[in-house]
Amino acid sequence: MRQYLSKRIFSSILAITGLFVMVFFLARLTGDPGHLYLPIDAPLEVRKEFSEKHGFNDPIYIQFGKFLGDLTDGNLGYSLRKERPAIDIVLEAIPVTLSLAAVAMSIALAGAILIGSLAAYRPNGIFDRISRVVSLTAASAPDFWVAITAILIFSVSLGWLPTSGIGGVPYWIMPIGILVIRPLGLLVQVVRGSMITALSSDFVKTARAKGVKEKVVIFKHALRNGLLPVITVAGDQAAAIANGAVIVETIFGWPGIGKLMIDSIMQRDFAVVQASILITAIVILSINIIIDIAYAVLDPRIRHK
Amino acid sequence: MVTKVSDAKKLLLNVNNLSVSFDTAEGSFDAVKSVNFDLNKGETLAIIGESGSGKSVTASVIMGILACPPGRIKSGEVFLNDLDILKLSDTDRRKLMGSKVAIIFQDTLSHLNPVFSVGSQIAECFKVHKNLSKKESWNRAVKLLERVRIPNPLKRAKDFPHQFSGGQRQRVMIAMALALEPDIIIADEPTTALDVTIQAKILELLGELRDERNMGLILITHDLAIAAEISDKVIVLNEGKIVEKGITRDVFINPNHAYTKKLMNSIPGKITKKKRKISKKFSDPILEIKNISKFYDTIACDDVSFNLFPNEVLGIVGESGSGKTTISNLILRLASPSNGKILYHGQNILNFNKKDLFNFRRKVQVVFQDPYASLNPTMNIYDIISEPWVIHSDFLDKKSHKSKVTDLLISVGLHPDDAIKFPHQFSGGQRQRIAIARALALNPEIIICDEAVSALDVSIQAQIIKLLLNLRNKFSLSYIFIAHDLPVVKDLADRVIVMKSGKIIEQGEVDNVFNFPKEKYTKDLLKASPSIEKLFS
């Protein structure tokens, strides 16, 4: 297992390196930052000076070499717009997104396990039928539309919740609610499927023959086995949110990594784009490693491989 | 609560007029029909019957674990210590399950929860029924593991099911069943997947525990020899009905019902063979295995040599891990030996080029153990049987495919119309016939049967053995018949090889080896193999 993990970590580092090289070149394909940064009527000399100052005139391999040199010093470059180290800006944004993701995923996972397990207990029962329709609807709901409708109802009409911004609990309710809907719907379906299999396993028969209560049969014996596929999908969903809950962050004005990334791409703020992609990549690969560890914790057969 | 005064104090269980049906999409069918029996203290009752006879359904009802729906108890009473458990509430019944009556299942790998340690799974019994502390439950679990003779129980309790061998897992199952000292243990095919020597030990342990605690034991089995060896009473189930019941010895020696007679006649090891002298001295061997070895992480096969002659059935017996299947894989060239030679009509198949090998593969075919897994469920029978001709396109003209499939189906005892059906529409025995037809498609010289009848019921097993012998004469085939079941080999083989840990221990004419074994291991194997003959002596 330890050997497996170190292999995973090594290949993750390779992946990040590859990604980084790609982002560097692709970002520069989008055009000259000066076009966006400088006023539209800026004279040619100003533009030349701007490009000169930031090294945009150098051949791309020289720019890349310089970039690598800076990187070895732990310097991810300066933001053109904010004139601060790019990494600082990113490190301010990422906790916002991560806390959104963590809260949303915890709620989605807990809810899905409960609803999915109960639905699986009596397949085609009334609870199962209702949960199937609702979860399918949730899994296919367009979040931008739900978000705007929610603002219209809860903020504009009812005035119960703030329309946007960060702050106390009321500010969290709508963004989290929107972020939970889709993963919850998807996970309910995954939990239901894998719990139906787990509950029809032979070891469930053994547990029942021991006189174990149904509650324990479902939530101990079957669930531990049914969780494995759920973890994979949950990890995927968590990575998607960590990758920037772009729509939610934009609509509700949360200064997270998704919003930052979109803004800096629009502004050709290369250093910030690079730094945000590096940090998100590290987060996503960490989530994948956590999933691997979770697998090993849940299933001893994987642990002993 | 309904109570009933038992006639004798030692009566533990009384099943009265039990009928169970299953509601399926195709309609309702009766799995158990008006079954009556009882069980006394210290007694072993064997329930015998073939697959689908209702044995396990009866057990699930007694254990309260019958899935309803699709199952439905139509009528009957199950008195456990004077209490009709079918009339109890779920909560009340649950209190009895595991504590008064416990069950041991067949496939221990799937019946033990893979994600919990065996210690915690045993300890759970104490937590559920006695509300003992975690530590106390654990200590008792360790003691139970020690009782069922798991070595180093303190350490092994923390291990998970997959870390135990099949025999050890069955011991864990038994420990779990024993935990609360139940009055009755139901053993549902407890040794089916185990080697004979392990099987003998498990049965011995069960008998010992029954006597020690004066429990009632219900043994559900399709293996008549096991029932003959350890039961006091027996009931014979066929299609959900009890066709015969009585004292084991009486039923076996003097069966009344036609079905029981048929079962008794199917027991392998009784066929009196007409001696066919094979003129071995005058014919060259088809296959000469010379000093082959195969090393994986362990030694799978070590310096093995033997010959296979035309029209001969060569049995290979041995326990799991003895190297039987490795030899089959080497002959089929699914794996290459680490050392040694395999000569086919004098030519070393290990030196074959691609084309030689392609032609060689026609001559050696295989029939596997599990007819449910070895046929592709998405192909119909016509496609399955004719596929070899698609691969070996020069073998048979496309126009003749249809008539040849028909011929083959008829020769294995199936109907030509079966060609358009799919594997799931057939029973286990029929599927094995299809597998045999497929193996015959390329007119092979040798067919390797790797545990080809092990998964089948006795009466079906007897039919397939008869079929194999007929086909040998009709198509002049040689068989390599790999099996762990000694009586089957005795019925079918001319010569036998006994293997252990990759080595040949003993080989010779079947009658010599089985009647006058020279090596201790062969003697042990024969002794461990249950047989009904002991009843007659």
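Is Cys125(B) buried or exposed? In the predicted model examined here, Cys125(B) is buried, its relative accessible area amounting to 2%. Cys301(B) is likewise a buried residue, with a relative accessible area of 0%. The sulfur of Cys301(B) lies 19 Å from the closest cysteine sulfur, which belongs to Cys449(B), and this separation is too far for a bond, given that a disulfide requires the two sulfur atoms to be within 2.5 Å. Over all chains, the structure holds zero disulfides.

The secondary structure of chain B comprises 21 helices together with 20 strands. Its radius of gyration is 25 Å, close to the 24 Å that the globule rule gives for 537 residues, so chain B is as compact as a globular protein of that length. Taken along the principal axes, the box filled by the C-alpha atoms of chain B has dimensions of roughly 75 × 50 × 45 Å.

Burial in chain B extends to 55% of its 537 residues. Among the contacts of chain B with a sequence separation of 6 or more, 69% are made between residues that stand 24 or more positions apart.

With regard to the surface, chain B exposes about 23900 Å², of which 51% is supplied by carbon and sulfur atoms. Chain B carries 73 positive and 61 negative charges, and the mean positions of these two sets are 2 Å apart.

Notes:
Residues are numbered from 1 along each chain as its sequence is written. Chains are lettered from A and ligands numbered from 1 in the order in which they are written. This is a predicted model: local features need pLDDT of at least 70, side-chain atom pairs count only at pLDDT 80 or more; totals for chains, interfaces and linings use all residues. Side-chain values use heavy atoms; hydrogens and water are left out. Helices (H or I, at least four residues) and strands (E, at least two) are DSSP runs, numbered from the N terminus. The radius of gyration is taken over C-alpha atoms; the globule rule is 2.2 Å times the number of residues to the power 0.38. Buried means under 20% relative accessible area, exposed over 50%, partly exposed in between (1.4 Å probe, protein chains only). Contact means heavy atoms within 4.5 Å. Accessible areas come from the Shrake-Rupley method with a 1.4 Å probe; for residues, only the protein chains shown count as cover. Lys and Arg count as positive and Asp and Glu as negative; His and the chain ends are not counted. The place of a charge is taken as NZ of Lys, CZ of Arg, CG of Asp or CD of Glu.
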